[in-house]
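Here is a friendly walk through one protein model, with an eye on its charges, its loops and its distances. Have the viewer open as you read.

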Amino acid sequence: MNILIIYAHPEPKSFNSALKDLAVSELTSLGHQVKVSDLYAMNFKAVTDRDDFQLLQNENFFKYAVEQKHATKTSSFSPDIQEEQDKLLWADFVIFQFPIWWYSVPAILKGWFDRVFASGFIYSRGNRYDTGGLKGRKAMLSATTGSPKGAYTPYGMDGDMNEKILYPINHGMLYFAGFEPVEPFISWAPSHDEEDRKQYLDEYKKRLHNLEEIPSIPYHPTSHYDENHQLKMEYR
Ligand SMILES: Cc1cc2nc3c(=O)[nH]c(=O)nc-3n(C[C@H](O)[C@H](O)[C@H](O)COP(=O)(O)OP(=O)(O)OC[C@H]3O[C@@H](n4cnc5c(N)ncnc54)[C@H](O)[C@@H]3O)c2cc1C
């Protein structure tokens with residue numbers, strides 16, 4: 001498979017870096033083609049602005065999504081956006097490696113989504129979720145936390161990891177874009193214990209050897225919703 005790793009951590013000696021390096025070495029040794037977007041090393045620009053486009057459709061009123069659609073039609077994104085979009089089209093499977101920051105992704109990765117997951121390229125009025133632009137590809141989040149696992153259970157202090165913290169990413173970004181998101185890999189509070197870190201690296205290695213077997217997250221296709229975007233009664 002062609003596997004793209006989007007990696008967002010500023011420190012090469014971090015645990016996130018260790019997980020990323022493990023993925024590169026294991027996947028390569030298994031015969032996969034691997035590319036990495038190391039967002040901090042690339043100094044990836046996280047903020048959206050007019051410089052994201054080589055041509056503007058409307059100079060007088062800058063509307064980001066309209067310009068994204070126009071740039072998709074005219075192939076006029078800035079080169080850094082174009083390169084990331086090309087990598088996405090190349091990939092069969094995308095891994096996102098990042099620490100949970102403020103219940104979400106670090107800003108550099110959020111900016112990557114804002115700029116790369118462009119209107120027209122990823123989605124349009126009739127094409128989103130199961131008909132999104134990246135249909136046919138899988139994606140997996142590999143995240144680390146500061147809080148322990150118990151904090152992210154349904155009654156935990158930080159809120160359920162899958163239903164509250166990762167839902168906006170897995171459903172709102174990845175599934176929206178057409179990806180089939182698979183179960184995430186979480187390293188809980190890796191700063192705390194060397195034994196836990198060893199175990200996470202072992203578990204992640206096993207997971208990397210069975211990428212094709214990881215269960216997908218069972219989201220509803222768009223056909224299960226009615227004209228008011230409500231889940232039809234028979235699927236509730
Ligand atoms: C702005 C900000 C917001 C945050 N918000 C949240 C939040 O909302 N929720 C939450 O839970 N947490 C939050 N955190 C905490 C954050 O999620 C954790 O600090 C982070 O996930 C830990 O991962 P790391 O890679 O940075 O760990 P590091 O501290 O880099 O690494 C942990 C340990 O692993 C060691 N290590 C590195 N490589 C290896 C290896 N190969 N083998 C064994 N050990 C190794 C390192 O030396 C280090 O001792 C936040 C942090 C920041 C800075």
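Buried means under 20% relative accessible area, exposed means over 50%, and partly exposed covers the values in between. With a relative accessible area of 35%, Thr153 is therefore partly exposed. Please keep in mind throughout that this is a predicted model.

**The overall frame**

A UniProt record, in an unreviewed entry, places the feature "domain: Flavodoxin-like fold" at residues 1–208. Over that stretch the chain is 37% helix and 15% strand. The C-alpha atoms at the two ends of residues 1–208 are 12 Å apart.

**Salt bridges**

How many salt bridges does the structure hold? There are eleven salt bridges in the structure. As general background, side chains of opposite charge can pair when their charged atoms come close. Three of the pairs are set out here.

| Pair | N to O distance | Place |
|---|---|---|
| Lys205 and Glu26 | 4.0 Å | helix α7 and helix α1 (residues 15–29) |
| Glu84 and Lys87 | 2.7 Å | helix α3 (residues 79–90) |
| Glu194 and Arg197 | 2.7 Å | helix α7 |

Let us start with Lys205 and Glu26, whose side chains meet in a salt bridge at 4.0 Å, N to O. Lys205 belongs to helix α7 and Glu26 to helix α1, so this pair ties together parts that are 179 residues apart in sequence. Are the two partners buried or exposed, or something in between? Lys205 is partly exposed at 38% relative accessibility, whereas Glu26 is buried with a relative accessible area of 12%.

The bridge between Glu84 and Lys87 sits within one helix. These two residues are three apart in helix α3, which means that about one helical turn separates them. Both Glu84 and Lys87 are buried, and the N to O distance of their bridge is 2.7 Å.

Glu194 and Arg197 make a salt bridge in which the closest N and O atoms are 2.7 Å apart. They are three residues apart in helix α7, so about one helical turn lies between them. Glu194 is partly exposed at 46% relative accessibility, and Arg197 is partly exposed too, with a relative accessible area of 22%. Elsewhere, Lys45, Asp49, Asp52, Asp80 and Arg115 are joined into one network by salt bridges that share partners.

**A positive patch**

Now for charges on the surface. Lys63, Lys69, Lys73 and Arg125 form a positive surface patch. Lys73, one of these residues, lies in helix α2 (residues 64–74). Why does Lys73 count as exposed? Its relative accessible area is 71%, and exposed means over 50%. Lys73 also gives a handy distance across the model: Lys73 and Ile5 are 27 Å apart in space, C-alpha to C-alpha, and 68 residues apart in sequence.

**Two loop residues with positive phi**

Which phi value does Trp102 have? The phi of Trp102 is near 45 degrees, a positive value in a residue other than glycine. Trp102 is placed in the loop between β3 (93–99) and α4 (107–116), and is exposed, with a relative accessible area of 85%.

Ala189 also has a positive phi, of about 45 degrees, although it is not a glycine. The loop that holds Ala189 runs between β6 (185–187) and α7 (194–209). Is Ala189 buried or exposed? At 5% relative accessibility, Ala189 counts as buried.

**Further distances**

Two more C-alpha pairs may be useful for checking the view. Phe15 lies in helix α1 and is buried, with a relative accessible area of 15%. The C-alpha atoms of Phe15 and Phe53 are separated by 35 Å, with their positions 38 residues apart along the chain counted as their sequence separation.

Finally, back to Thr153, which lies in the loop between β4 (138–144) and α5 (161–165). Thr153 and Lys164 are eleven residues apart along the chain, and their C-alpha atoms are separated by 10.0 Å.

Note on methods:
Residues are numbered from 1 along each chain as its sequence is written. This is a predicted model: local features need pLDDT of at least 70, side-chain atom pairs count only at pLDDT 80 or more; totals for chains, interfaces and linings use all residues. Side-chain values use heavy atoms; hydrogens and water are left out. Patches are made of residues with over 30% relative accessible area and no salt bridge: like charges are joined within 9 Å, nonpolar side chains (Val, Leu, Ile, Met, Phe, Trp, Tyr) within 5 Å. Accessible areas come from the Shrake-Rupley method with a 1.4 Å probe; for residues, only the protein chains shown count as cover. Lys and Arg count as positive and Asp and Glu as negative; His and the chain ends are not counted. The place of a charge is taken as NZ of Lys, CZ of Arg, CG of Asp or CD of Glu. Buried means under 20% relative accessible area, exposed over 50%, partly exposed in between (1.4 Å probe, protein chains only). UniProt positions are given in the numbering used here, feature names are shortened, and annotations may be inferred rather than shown by experiment.
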